[in-house]
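Hi everyone, thanks for making time this morning. I'd like to walk you through a model I've been looking at, so please have the viewer open and follow along.

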Amino acid sequence: MNSTIGILGTGRMGIRLALMFADGGQSVILGSRFRERSARIVQKLGREQITSGSYVDAATAEFVLPALFLRDGLLDTLEPLRNQLDGKVYIDISNPFNSDYSDFILPWDTSGAEQIQQRFPKTRVVGAFKNVWWEVFDAPQFGETVSDVFVVSDDVQAKTKFFSLVEKTPFRYIDTGKLSNARTIERMTLLSGELGQRYGFFPRMNYKLLGEPWTPGQCDRLAEIIA
């Protein structure tokens, strides 16, 4: 499926996501507050699938991905684009970090994803890439281990569209359920950042779902011993 993704923001995450989607065969509009900045960056990236533009241009795309922080006024920045966002699949990558990344600016009973959905109820919010630090996009595999991306949404069809969109990107995508589960994912990302800095991994780090197939009929050896 070839689609167009509008990315609002030309920081570390925005540029890396633009490259990832372009390399996966999708068309990208890389939007900036200043058209000149976007044009300069797109020229340097050298991908014909990526075109430059403003935030307004990026918001015309089928999928919209703002690579902006809540703390920097994300919601107010998007307010003039409200009508353009109606009905769109909005890919939310935001984590509500404070300015020094030591905590969140939101309480425990909500998430960045939920705040966006509440502010723009006609958008179709899908939370993704919240657990992926920017450095991981440059090399998503750790040895032979592929990085996970945890995906949340209350809109089943929007989530299905997202999974189709990312089929050719180099991550494993995990359906993590309802939108409010973003609270856990965002908090886990805050914790992973703290651990990564403590052990010298940050920002080349991620966390992953591990498991093996299991059936109720399987015997628990320890249960046999203690029976």
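**A sheet, two buried residues and a cavity**

Before we start, please keep in mind that this is a predicted model. I'd like to begin with a contact around serine 147: a polar atom of the serine 147 side chain sits 2.5 Å from the backbone oxygen of proline 140.

Let's stay with that residue for a moment. Serine 147 belongs to the loop that links strand 8, residues 145–146, with strand 9, residues 148–151. Is serine 147 buried or exposed? With a relative accessible area of 3%, serine 147 counts as buried, because the cut-off for buried is under 20%. And who surrounds it? Setting aside neighbours within four places in sequence, serine 147 is in contact with Val136, Pro140, Phe142, Phe171, Arg172 and Asn206. So Pro140 turns up in that contact list, and its backbone oxygen is the one I just pointed out.

Now please turn to the sheet. In what order do the six strands come? The order is 3-2-1-4-5-6, in an open sheet with parallel pairing. Strand 3, at 50–54, and strand 6, at 124–127, are the edge strands; each has a single partner, so one side of each has no neighbour in the sheet. On average, neighbouring strands here are turned by 25° against each other, ignoring direction.

Packed on this sheet is helix 2, residues 35–45, which touches strand 2 (27–32) and strand 3. The direction of helix 2 makes about 170° with that of strand 3.

Over at the other edge, strand 5, residues 89–92, runs parallel to strand 6, and four bridges join them. One bridge to look at pairs valine 89 with arginine 124 of strand 6.

That brings us to lysine 88, in the loop between helix 5 (82–85) and strand 5. Lysine 88 is buried too, with a relative accessible area of 17%. Not counting residues up to four places away in sequence, lysine 88 touches Ala59, Thr60, Ala61, Glu62, Val64, Thr123 and Arg124. Arg124 is also the bridge partner of valine 89. Further along the chain, phenylalanine 162 is 74 residues from lysine 88, yet their C-alpha atoms are separated by 11 Å.

Last stop: how many cavities of 30 Å³ or more does the structure hold? There is one, and the largest cavity has a volume of about 50 Å³. Its lining includes Pro96, Phe104, Trp108, Arg183 and Glu186.

That's my tour, thanks for listening!

Definitions and conventions: Residues numbered from 1 in each chain as written. Predicted model: local features only at pLDDT ≥ 70, side-chain atom pairs only at ≥ 80, totals over all residues. Heavy atoms only, no water. Helix = DSSP H or I, 4+ residues; strand = E, 2+ residues; numbered from the N terminus. Buried < 20%, exposed > 50% of the residue type's maximum accessible area, 1.4 Å probe, protein only. Polar contact = N/O pair within 3.5 Å; in protein donor to acceptor, adjacent residues only side chain to side chain. Contact = heavy atoms within 4.5 Å. Pairing = 2+ DSSP bridges. Axes fitted to C-alpha atoms, helices over the stretch in contact; angles between N-to-C directions. 1 Å grid on protein atoms, 1.4 Å probe; cavity = no way out; pocket = protein on both sides within 12 Å on 5 of 7 lines; lining within 4 Å. Points joined across faces, edges and corners; volume = space filled by probe spheres on them.
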